[in-house]
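Me: I'd like to learn how to read helices, packing and burial from a model. Can we go through it feature by feature?

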Amino acid sequence: MSRLVVISNRVALPKQTQTGGLASAMNAALQEMGGLWFGWSGNIAAETGKELHEVEEGNIAYATIDMSKADHDEYYSGFANRALWPLFHYRGDLVDYRRDHLEGYLRVNRVFAKRVAKLLKKDDIVWVHDYHLIPLAAMLRELGVENRIGFFLHTPLPAAGLLITLPRHRELLEPLASYDLVGVHTQRDLRALEDYFLHELGAAMRTGGRIRAANGRIFRAGVFPISIDTAEAVELAHRAEDSGAVSKLKASIDDRALIIGVDRLDYSKGLPERFDGFARLLRDHKDMRGRVSLLQIAPPSRSDVPEYRMLRRELERSAGHINGQYAEPDWVPIRYVNKSFGHKVLAGYFRVAKVGLVTPLRDGMNLVAKEYVACQDPQDPGVLVLSRFAGAAQELDAALLVNPSDLDEVSEALKRALEMPLKERRMRWQSMMDVLERNDITHWRNNFLHALMEPPKVKPEIYVPTPLTAP
């Protein structure tokens with residue numbers, strides 16, 4: 001039986017607190033198949049990849065390497081998060097491209113390739129994750145690795161017209177053809193990938209989602225919408241109902257309705273627009289004042305990036321302004337919290353909230369939307385107000401879909417959600433819950449691996465692109 005090798009920027013080591021469904025999904029797959037998880041340790045050292053740290057638990061080996069500060073600054077903080085992240089989230093205006101950052105990105109990917117190539121066995125199935133490691137397969141092919149290699153992009157993929165604005169985009173994106181399977185969240189992302197390869201790289205489409213690159217190598221691309229552990233979310237919400245944290249929240253809101261938003265502090269999440277949309281509700285519908293509060297949980301992230309520090313200050317000013325304008329001695333419109341909460345607490349908060357407000361300007365999937373739905377009380381479910389620009393909107397079309405930049409549309413959707421009859425709430429919730437029960441995290445993982453392990457109908461040529469080095 002083939003062994004699974006997972007490669008990602010960070011590794012979810014055993015006995016560490018796991019965050020998100022991906023860690024659980026990967027560990028479950030590795031336990032089933034036996035395998036290896038390789039990536040950065042999270043530690044800074046004098047030299048990148050000098051030592052290999054190995055831990056074993058059961059039939060899973062975890063292998064990590066440290067990274068130098070210069071490489072971390074150029075590969076991770078620099079090119080990955082200041083060029084690729086904004087580009088892939090349709091924020092070309094925030095792209096900070098620097099040649100030395102690209103050099104660091106390629107250099108770290110090459111260290112990953114050299115290190116992991118020595119650990120691979122002939123029949124291993126390799127699964128690479130996310131925008132940090134786009135060129136990794138090409139570098140592995142250069143080292144003679146012929147294993148089946150899959151790649152999953154956890155962010156959106158913008159249209160070709162935006163991708164080509166990145167300097168030297170071809171050197172970065174053409175190596176995707178070195179993978180046997182490239183997975184994305186939505187049909188929109190898949191069209192962007194196909195359009196880029198067809199019109200920018202001279203590729204041709206074949207049957208079955210196969211793309212023939214200009215050099216003749218054939219690879220597959222497909223849609224695999226990531227999901228959550230639906231059953232676990234349901235159980236967590238049920239157990240959290242009477243917990244101390246949830247009881248305190250219920251007592252604090254009294255008989256008022258609660259709208260909840262939970263997002264990492266990031267400009268892609270549309271938080272300033274969300275605050276403005278809520279303020280528009282209070283401005284245009286005076287009957288809502290004193291009757292509803294917005295709880296926005298936004299743990300800080302990437303505080304070393306100037307744009308994120310500016311965003312935090314903007315949100316603090318906005319929340320203060322809105323509260324100053326509308327608050328009463330016994331009621332605060334916006335509760336803005338910059339801290340993290342455990343999954344059980346969040347599940348309980350989701351169950352209490354009458355409305356889940358998930359309005360990113362652009363998101364690959366957005367699992368918070370799915371978690372909110374899964375955590376609802378079937379007898380008295382809340383309503384999801386969801387950005388049509390989140391990947392989740394392709395599956396959860398029974399939500400109230402909005403353009404987060406249209407403040408009137410957000411305001412009207414919130415009013416409709418708060419006043420929606422129970423029968424309609426149940427109907428919409430059940431439609432979305434059916435989707436989540438069919439497509440949970442296990443289904444996503446198994447679908448991708450099944451497609452990756454499917455024998456190729458044509459023996460693939462080994463694709464070795466122009467060496468990925470910056471002059």
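Reply: Sure, burial comes first: a residue is buried under 20% relative accessible area, exposed over 50%, and partly exposed in between, with a 1.4 Å probe and protein chains only. Helices (H or I, at least four residues) and strands (E, at least two) are DSSP runs numbered from the N terminus. Keep in mind that this is a predicted model, where local features need pLDDT of at least 70, side-chain atom pairs count only at pLDDT 80 or more, and totals for chains, interfaces and linings use all residues. Residues are numbered from 1 along each chain as its sequence is written, and side-chain values use heavy atoms, with hydrogens and water left out.

Me: Okay, so why is α2 largely enclosed by the rest of the structure?

Reply: Because 16 of its 20 residues are buried. One case is A83, which sits in helix α2 and counts as buried at 0% relative accessibility. For its neighbours, take contact to mean heavy atoms within 4.5 Å. Setting aside residues within four places in sequence, A83 is in contact with G78, V95 and D96. A83 and V95 are twelve residues apart in sequence, and their C-alpha atoms are 4.6 Å apart in space.

Me: What does α2 span between its end C-alpha atoms?

Reply: The general idea is to compare with an expected span, 1.5 Å times one less than the number of residues. A straight helix of 20 residues would span 28 Å, but α2 (residues 69–88) spans only 25 Å.

Me: Where is the kink in α2 centred?

Reply: For a bend, you take the angle between axes fitted to the seven residues ending at a residue and the seven starting there. In α2 there is a kink of about 40°, centred on A80.

Me: Which helix can I set beside it, with a span close to the expected one?

Reply: Try α14 (residues 407–419): its 13 residues reach 18 Å from the first C-alpha to the last, close to the 18 Å expected. Its buried residues are L407, V410, S411, A413, L414, K415 and A417. The cover over those buried residues includes β11 (257–262), α10 (271–284), β14 (355–358), β15 (383–387) and β16 (400–402).

Me: And how do I read two helices packed together?

Reply: Two packed helices are described by the angle between their axes and the distance between the axes. The axes are lines fitted to C-alpha atoms, for helices over the stretch in contact, and angles run from 0 to 180 degrees between N-to-C directions. Here, α13 (residues 367–374) and α15 (residues 422–438) have axes that come within 9 Å and cross at roughly 115°.

Me: Is the crossing of α13 and α15 left-handed or right-handed?

Reply: You call a crossing left-handed if the near helix is turned anticlockwise from the far one by less than a right angle, and right-handed if clockwise. This one is left-handed. K370, V373 and A374 of α13 make the contact with W429, M432, M433 and L436 of α15.

Me: What sort of residues are those, by class?

Reply: Ala, Val, Leu, Ile, Met, Phe, Trp, Tyr, Cys and Pro count as nonpolar, Asp, Glu, Lys and Arg as charged, and the others, Gly among them, as polar. The contact of α13 with α15 has six nonpolar, no polar and one charged residues.

Me: Now backbone angles. Which residue after α2 has a positive phi?

Reply: That's Y90, whose phi is near 65°, a positive value in a residue other than glycine. Y90 belongs to the loop between α2 and α3 (99–117), and is partly exposed with a relative accessible area of 27%. R168 is another non-glycine residue with a positive phi, about 60°. R168 lies in the loop between α5 and α6 (169–173) and counts as partly exposed at 22% relative accessibility.

Me: L157 is in a loop too. Is L157 buried or exposed?

Reply: L157 counts as buried, at 6% relative accessibility. Its loop runs between β6 (148–152) and α5 (160–163). Beyond four places in sequence, L157 is in contact with F88, Y90, L163, D189, A192 and L193, so Y90 turns up again, this time as a contact under the heavy-atom cut-off.

Me: What about I164?

Reply: I164 is found in the loop between α5 and α6, and is partly exposed with a relative accessible area of 34%. Not counting residues up to four places away, I164 touches H169, Y196 and E200.
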